[in-house]
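Subject: Handover of the structure and notes on what was found

Dear colleague,

Please find below the structure I am handing over to you, followed by my notes on what was found in it. I have tried to keep the notes in an order that you can follow with the model open.

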Amino acid sequence: MNKRADFTDLQESAFWMPFTSNRQFKKAPRLLARAEGMHYWTPEGRQILDACAGLWCVNAGHCRPKIVEAIQRQAAEMDFAPTFQMGHPIAFEFAERLAEIAPEGFKRVFFTNSGSESVDSALKIALAYHRARGEAQRFRLIGRERGYHGVNFGGISVGGLSHNRKTFGPGVAGVDHLRHTHDITRNAFSHGQPVHGAELADELERLCALHDPSTIAAVIVEPVSGSGGVLVPPQGYLQRLREICTKHGILLIYDEVITGFGRLGKPFGSQRLGVLPDLFATAKGMTNGAVPMGAVFVRESIYEAFMQGPEGIELFHGYTYSGHPLACAAGIGALDTYEEEGLFERAASLETHWEQAIHSLKGERNVVDIRNIGLMGAIELAPKPGAPGSRGYTALVKCFEAGILIRYTGDTLAFSPPLIVEKAQIERIFDSVRKVLQALD
Ligand code: PXG
């Protein structure tokens with residue numbers, strides 16, 4: 001371990017931690033110092049079973065040799081090269097590899113460095129696409145309540161988290177929201193896609209009538225919303241959303257930052273759920289979390305719309321690190337690992353076991369809902385009167401003490417293990433969570 005810093009007292013640490021209660025954390029730190037496969041180790045050497053793939057990103061497990069070696073090789077060979085008016089082979093190679101696993105017709109890939117950047121890039125591509133086709137009056141963007149699309153201004157504008165709206169103001173102009181689909185009065189303890197709620201997609205018709213559909217550029221949703229608490233789309237909901245978008249010439253954008261790269265048992269969530277968008281945002285599992293990277297995949301017709309007219313820069317957008325060589329190397333290593341080990345298929349084959357294991361917690365104290373799809377799941381707890389979120393946070397702390405890393409949002413516990421998880425480890429995750437819930441006040 002690094003001897004330059006003293007990790008026993010972090011109270012005055014320079015690190016302003018993201019999405020963290022800095023004061024709580026620095027009083028009682030939870031440090032991770034090493035990782036391999038399904039596990040982390042704390043600096044003291046305590047083993048922690050990773051039940052959330054880091055932050056929904058380490059889909060092949062930690063420190064996988066192909067990925068490690070690819071990054072090491074690339075760092076020594078070429079550290080950085082620009083992709084503005086220049087190119088390097090590995091970026092073209094990785095884009096090709098990604099297109100191979102994308103749904104039919106999605107053969108063009110725009111590189112970013114994170115999920116937030118992928119979302120903002122997708123929104124900008126949608127606006128620029130309509131302009132390129134002579135429909136510049138389509139400026140509105142429609143998101144959904146409880147949606148999470150990262151932290152940049154586009155993403156928080158279409159996102160549906162009231163915290164963001166309260167703290168950071170109105171955001172991008174011309175945004176409206178669909179209602180969320182979470183309804184435990186009708187759908188509690190659904191296995192997979194809930195039965196009720198397809199009609200909530202008709203909300204889009206209401207927004208079309210209100211704003212006039214010719215002003216709407218795009219609708220963005222997570223196929224399964226992750227940070228919002230694993231909200232699985234009701235049966236028929238995405239189909240209906242797709243139909244309405246198509247009818248009115250509105251682009252449908254999926255945010256597949258969590259659902260991409262095998263989480264739902266297929267390369268992408270759209271392939272599992274059987275409803276295709278027009279473009280989709282990805283990140284996280286794209287490099288197995290090893291180097292930050294994201295991408296927007298677009299339909300050929302969208303790319304083609306930009307390739308008309310006089311030659312010149314077609315899309316006035318990009319990042320210094322778009323297609324970064326280290327990230328591409330990590331990504332190729334990740335795709336090789338996913339493919340060689342059949343990890344997407346493995347996720348699909350474990351789904352029933354996963355579903356039974358998580359639903360076995362029905363009836364435990366304070367549990368008001370359990371939901372699952374692919375290798376994702378959530379356990380929703382009733383909030384403690386007067387202290388919403390405290391049960392979620394306490395469960396995270398207690399699970400960590402019990403050697404399990406989970407995520408929580410409000411009073412919902414979220415689970416998304418690496419796709420290499422063994423059945424015995426699934427049992428261990430939920431046995432530990434059960435004990436934590438039994439002791440939770
Ligand atoms: N879209 C979705 C659907 C996400 O889940 C982002 C965009 C943003 O990605 P970046 O790479 O910019 O963070 C995300 C990120 C959690 C949690 O615990 C989820 C995310 C990030 C941090 C925590 O639910 N998702």
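How many residues surround the ligand, and which are the closest? Before the answer, a word on the source: this is a predicted model, in which local features need pLDDT of at least 70 and side-chain atom pairs count only at pLDDT 80 or more, while totals for chains, interfaces and linings use all residues. Residues are numbered from 1 along each chain as its sequence is written.

The ligand is surrounded by 18 residues (a residue is near a molecule if its C-beta atom, placed from the backbone, lies within 6 Å of it), and the closest are G115, S116, G150, S227 and V257. Two or more residues of this shell come from each of α2 (53-56), α5 and β14 (407-409), where helices (H or I, at least four residues) and strands (E, at least two) are DSSP runs numbered from the N terminus. The largest contribution is that of α5, which gives 3 residues. Sorted by class, the shell holds 7 nonpolar, 8 polar and 3 charged residues; here Ala, Val, Leu, Ile, Met, Phe, Trp, Tyr, Cys and Pro count as nonpolar, Asp, Glu, Lys and Arg as charged, and the others, Gly among them, as polar.

Helix α5 deserves a closer look. Its 18 residues (115-132) should span 26 Å at 1.5 Å a residue, and the end C-alpha atoms are 25 Å apart, which agrees; the expected span is 1.5 Å times one less than the number of residues. Because 13 of its 18 residues are buried, α5 is largely enclosed by the rest of the structure, a residue being buried if 20 or more other C-beta atoms lie within 10 Å of its own, exposed if 12 or fewer, and partly exposed in between, with C-beta atoms placed from the backbone. After α5 comes G134, whose phi is positive, near 80°.

The sheet that α5 lies across is an open one of 7 strands, in the order β4-β10-β9-β8-β7-β5-β6 and with mixed pairing; two strands pair if DSSP finds at least two bridges between them. At its edges stand β4 (108-112) and β6 (175-178), each with a single partner strand, so one side of each has no neighbour in the sheet. From one strand to the next the twist averages 20°, with axes taken as lines fitted to C-alpha atoms, for helices over the stretch in contact, and angles running from 0 to 180 degrees between N-to-C directions. The strands that α5 lies across are β4, β5, β7 (216-221), β8 (251-255), β9 (279-282) and β10 (294-298), and α5 runs at about 30° to β10; contact between two residues requires C-beta atoms, placed from the backbone, within 7 Å. Helix α10 (residues 237-248) lies across β7 and β8, at about 145° to β8.

Within this sheet, β5 (residues 140-144) pairs with β6 in the parallel sense over 4 bridges, and G143 stands opposite H177 in β6. The pairing of β7 with β8 is parallel as well, over 4 bridges, with V219 opposite L252 in β8. In β8, 5 of its 5 residues are buried: L251, I253 and D255 point one way, and L252 and Y254 the other way.

There is also an open sheet of 4 strands, antiparallel in its pairing, with the order β11-β12-β15-β14. Its edge strands are β11 (367-373) and β14, each of which pairs on one side only. Between β14 and β15 (residues 412-415) there are 3 bridges in the antiparallel sense, and T409 stands opposite T412 in β15. Helix α14 (residues 343-359) packs on the sheet, touching β11, β12 (376-381) and β15, and its direction makes about 175° with that of β11. Helix α15 (residues 390-401) lies across β12, β14 and β15, and runs at about 175° to β14.

Two backbone details may be worth a check on your side. W56, in helix α2, has a positive phi near 65° although it is a residue other than glycine, and with 24 C-beta neighbours inside 10 Å it counts as buried. N288, in the loop between β9 and β10, is not a glycine either and has a positive phi of about 60°; with 29 other C-beta atoms within 10 Å, N288 is buried.

With kind regards
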